[in-house]
Amino acid sequence: MFGRVAHRYDLANHLLSFNIDKHWRNRTVAEVRGVLRRPDARVLDLCCGTGDLLLALEADRGSSCFDSDFCHPMLTAANAKLRKSHCRSQTFESDALRLPVRDASLDLVTVAFGFRNLTNYNAGLVEMRRALRPGGLAAILEFSQPTNPAFAAFYGFYSRRILPIIGGAISGARDAYTYLPESVRKFPDAPELADRMRAAGFREVRFLRMTFGIVALHLGRV
Ligand SMILES: C[S@@+](CC[C@H](N)C(=O)[O-])C[C@H]1O[C@@H](n2cnc3c(N)ncnc32)[C@H](O)[C@@H]1O
């Protein structure tokens with residue numbers, strides 16, 4: 001599914017979110033800056049897709065990071081963007097549930113709009129924790145449920161009725177944009193995801209909601 005939408009993924013993202021997705025990623029970068037700007041920090045962006053978060057991370061850090069995804073066409077698109085932007089970060093193809101990295105080898109692991117797609121959220125959290133050094137930081141940017149009932153009704157209509165039509169027209173894969181609101185509806189709400197992070201061994205877990213709670217950024221330390 002991701003392979004089929006890769007060629008139009010960025011355009012669909014920016015149009016369907018009215019370009020607010022850039023703000024969500026920039027806010028994520030701002031929240032992890034303390035670790036990100038450490039010259040010795042090893043940073044991995046999981047489920048990187050076409051690499052938008054990686055580009056923002058490298059631009060802020062001024063040096064390279066690592067990027068991974070299990071979808072080859074997404075990585076091809078990411079690599080083309082990295083080259084065009086003269087980025088030095090490296091990508092590798094990998095399942096986020098089985099990362100080819102040593103235990104306690106990373107300082108920062110980020111994931112934007114990819115965590116929701118994992119087949120086992122708890123296993124994903126355990127794998128992130130395994131890869132992080134003591135003191136390391138995990139940042140999960142993901143869709144969530146709006147808290148205001150009036151806005152939730154509007155957003156529900158938009159995401160179930162409008163979004164699949166526009167997303168389908170742009171990408172040619174309407175099923176992918178029908179899957180999107182369904183997967184968001186099934187995804188744990190922000191307090192529950194925070195509880196799952198604590199259960200997986202993260203400490204200092206906190207989350208911040210953005211844009212009426214459409215998305216939430218969860219942060220936790222090892
Ligand atoms: C909605 S895209 C998000 C891309 C990007 N992070 C962004 O902010 O736009 C989700 C990405 O997660 C990847 N993905 C889903 N499950 C994965 C897994 N188990 N391992 C690695 N990548 C995965 C997909 O291939 C896809 O590129």
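## A buried aspartate

Let's begin with one residue: Asp-69 sits in strand E2, which covers residues 66-69. Keep in mind as you look around that this is a predicted model.

Which side chain of opposite charge is nearest to Asp-69? That side chain is Arg-25, and it is 11 Å away. Asp-69 is buried, yet it has no salt bridge. A salt bridge here needs a side-chain nitrogen of Lys or Arg within 4 Å of a carboxyl oxygen of Asp or Glu.

What does the side chain of Asp-69 reach instead? Look for the backbone nitrogen of Cys-48, at 3.3 Å. Cys-48 also appears among the contacts of Asp-69 once neighbours within four places in sequence are set aside. The others on that list are Cys-47, Gly-49, Met-74, Leu-75, Phe-92, Glu-93 and Ser-94.

## The whole chain

Now step back and view the fold. The chain has nine helices and seven strands. Its C-alpha trace spans about 45 × 40 × 30 Å along the principal axes. For 222 residues, a compact globule would have a radius of gyration near 17 Å, and the chain agrees with this because its own value is 17 Å.

How much of the chain is buried? Of its 222 residues, 54% count as buried. The accessible surface comes to about 10,400 Å², and carbon and sulfur atoms make up 55% of that area. You can also ask how far apart in sequence the contacting residues are: among contacts with a separation of 6 or more, 70% join residues 24 or more positions apart.

## Salt bridges between distant parts

Unlike Asp-69, which has no salt bridge, other charged residues do pair up. How many salt bridges are there in the whole structure? A search finds 18.

One of them joins Arg-4 to Asp-175, with the closest N and O atoms 2.9 Å apart. Arg-4 belongs to helix H1 (residues 2-5) and Asp-175 to helix H8 (residues 174-186), so this pair ties together parts that are 171 residues apart in sequence. Both partners are partly exposed: Arg-4 has a relative accessible area of 44%, and Asp-175 has 40%.

Another salt bridge pairs Arg-130 with Asp-103, and here the closest N and O atoms are 2.7 Å apart. This pair also links distant parts of the chain, 27 residues apart: Arg-130 is in helix H6 (residues 121-131), while Asp-103 is in the loop between strand E3 (90-93) and strand E4 (106-112). Are these two residues buried or exposed? Arg-130 is partly exposed, at 26% relative accessible area, whereas Asp-103 is exposed, at 53%.

## A pair within one helix, and a network

Not every salt bridge spans such a stretch of sequence. Arg-198 forms one with Asp-195, and the closest N and O atoms are 2.9 Å apart. Both residues lie in helix H9 (residues 190-199), where they are three residues apart, about one turn of the helix. Arg-198 counts as partly exposed at 41% relative accessibility, and Asp-195 is partly exposed too, at 46%.

Finally, which residues are linked in a network of salt bridges? Try finding these four on the model: Arg-38, Asp-40, Asp-107 and Arg-133.

Methods:
Residues are numbered from 1 along each chain as its sequence is written. This is a predicted model: local features need pLDDT of at least 70, side-chain atom pairs count only at pLDDT 80 or more; totals for chains, interfaces and linings use all residues. Side-chain values use heavy atoms; hydrogens and water are left out. Helices (H or I, at least four residues) and strands (E, at least two) are DSSP runs, numbered from the N terminus. Buried means under 20% relative accessible area, exposed over 50%, partly exposed in between (1.4 Å probe, protein chains only). Lys and Arg count as positive and Asp and Glu as negative; His and the chain ends are not counted. A polar contact is a pair of N or O atoms within 3.5 Å; within protein, one must be able to donate a hydrogen and the other to accept it, and residues adjacent in sequence count only if both atoms are side-chain atoms. Contact means heavy atoms within 4.5 Å. The radius of gyration is taken over C-alpha atoms; the globule rule is 2.2 Å times the number of residues to the power 0.38. Accessible areas come from the Shrake-Rupley method with a 1.4 Å probe; for residues, only the protein chains shown count as cover.
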